[in-house]
Each structure stands twice: as structure tokens, then as C-alpha cells.
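Welcome! Below are some short exercises, each followed by a solution that goes step by step. Keep the structure in view as you work.

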Amino acid sequence: MAAFSNLTIFFLVSSTLAHTVFSEIFKTKNIDKWPKPPCKMYYPHGPLYDSKCPNITSYVCATNGHTYQNECFFCVDQWEFGSHINFDKYGKCD
């Protein structure tokens, strides 16, 4: 059985790692396939119940051009102000 030199092993490992890293960096992400926010879980349970949204930054863009801090704030605004506020995409609005 032939022994591999250290340089050959280094090259094989490096090329495999480089392929793995760069394939993830340059892969296109299709956010259209991501599910819409699950708004039912954020709606108040009763008329006097106040929704508490977490202080987490994960932007959501609505069709009205407003960027919400996260999906909870989007869902609460949609519940309070009507169905004319619709989900557009995850991330900041352009």
C-alpha cells in the first residue's frame, strides 16, 4: 500500500474544505420558497390580552413598504390594522 505524502493529504483536505465553504457562500438563496410568518401564534387570545413581541431583530418586509423588526410585530400590525398589510419578504424593504 502506497503512503501519501503530507503535502498530498493537505491538498486533498484543503480542496474539499474550500469546495464546501465556497459552495455555500455562492449558492443562491430563494427566499420565495420560505414559508409566510405563522401569524396565528401571535394573535391575542382575548379582547383585553396584549401581545408581547420578543426583542429579536429578524426583519420582515410588508407590501405596504414598512420594515418590521420581526414577524411578531408584522403579525400584530396585520391583526390590528387589517388584511391590507400583507407579507412581502423576509429582510428589509428596498
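**Exercise 1.** Find the partner of C61 in a disulfide, and work out the handedness of the bond.

*Solution.* Step one: look at the sulfur atoms in this predicted model. The sulfur of C61 is 2.0 Å from that of C93, and the two residues are joined by a disulfide.
Step two: turn to the torsion about the S-S bond of C61 and C93. It is about 110°, so this disulfide is right-handed.
Step three: place the two ends. C61 sits in strand 1, while C93 belongs to the segment after strand 3, and 32 residues separate them in sequence.
Step four: check the burial. C61 and C93 are both buried.

**Exercise 2.** Determine how many disulfides the whole structure has, and in what order the cysteines pair.

*Solution.* Step one: a search of the whole structure gives three disulfides.
Step two: take the pair C39 and C75, whose sulfur atoms lie 2.1 Å apart. The torsion about their S-S bond is about -70°, so this disulfide is left-handed. C39 lies in the loop between helix 1 (6-25) and strand 1, and C75 in helix 2, so the bond ties together parts 36 residues apart in sequence. Both C39 and C75 are buried.
Step three: take the pair C53 and C72, with an S to S distance of 2.0 Å. Here the torsion is about -75°, so the disulfide of C53 and C72 is left-handed. C53 is in the loop between helix 1 and strand 1, C72 is in helix 2, and they are 19 residues apart.
Step four: number the bonded cysteines in sequence order. The pairing reads 1-5, 2-4, 3-6.

**Exercise 3.** Decide for C53 and for C72 whether the residue is buried, partly exposed or exposed.

*Solution.* Step one: recall the cut-offs. Buried means under 20% relative accessible area, exposed means over 50%, and partly exposed is in between.
Step two: apply them to C53. Its relative accessible area is 22%, so C53 is partly exposed.
Step three: apply them to C72. With a relative accessible area of 3%, C72 is buried.

**Exercise 4.** Identify the residues of the largest nonpolar core and the elements that supply them.

*Solution.* Step one: list the members. The core has 12 residues: C39, Y42, V60, A62, Y68, C72, F74, C75, V76, I85, F87 and Y90.
Step two: assign them to elements. Strand 1 (60-62), helix 2 (71-81) and strand 3 (87-90) each provide at least two residues of this core.
Step three: find the main contributor. Helix 2 gives the most, with four residues.
Step four: set this beside a wider tendency. In soluble globular proteins, nonpolar side chains tend to be buried together.

**Exercise 5.** Describe helix 2: its ends, its buried residues and what covers them.

*Solution.* Step one: start at the N-terminal end. N70 caps helix 2 there, with a side-chain oxygen 3.0 Å from the backbone nitrogen of C72.
Step two: pick out the buried residues of helix 2, which are E71, C72, F74, C75, V76 and Q78. Their cover includes strand 1, strand 2 (67-68) and strand 3.
Step three: look closely at E71. Leaving out residues up to four places away in sequence, E71 touches P37, P38, Y42, S58, V60 and Y90. The side chains of E71 and Y42 make a polar contact of 2.9 Å.
Step four: do the same for Q78. Its relative accessible area is 17%, so Q78 counts as buried. Again leaving out residues up to four places away, Q78 touches C39, Y43, S83, I85 and N86.
Step five: finish just after the helix, where G82 takes a positive phi of about 110°.

**Exercise 6.** Step back and summarise the whole protein chain: its elements, its burial and its surface.

*Solution.* Step one: count the elements. The protein chain has two helices and three strands, running α-β-β-α-β from the N terminus on.
Step two: consider burial. Of the 94 residues in the protein chain, 21% are buried.
Step three: consider the surface. The accessible surface of the protein chain is about 7600 Å², and 62% of it belongs to carbon and sulfur atoms.

How values were computed:
Residues are numbered from 1 along each chain as its sequence is written. This is a predicted model: local features need pLDDT of at least 70, side-chain atom pairs count only at pLDDT 80 or more; totals for chains, interfaces and linings use all residues. Side-chain values use heavy atoms; hydrogens and water are left out. A nonpolar core is a set of buried Ala, Val, Leu, Ile, Met, Phe, Trp, Tyr and Cys residues joined through side-chain atoms within 4.5 Å. Buried means under 20% relative accessible area, exposed over 50%, partly exposed in between (1.4 Å probe, protein chains only). A disulfide is a pair of cysteine sulfur atoms within 2.5 Å. Contact means heavy atoms within 4.5 Å. A polar contact is a pair of N or O atoms within 3.5 Å; within protein, one must be able to donate a hydrogen and the other to accept it, and residues adjacent in sequence count only if both atoms are side-chain atoms. Accessible areas come from the Shrake-Rupley method with a 1.4 Å probe; for residues, only the protein chains shown count as cover.
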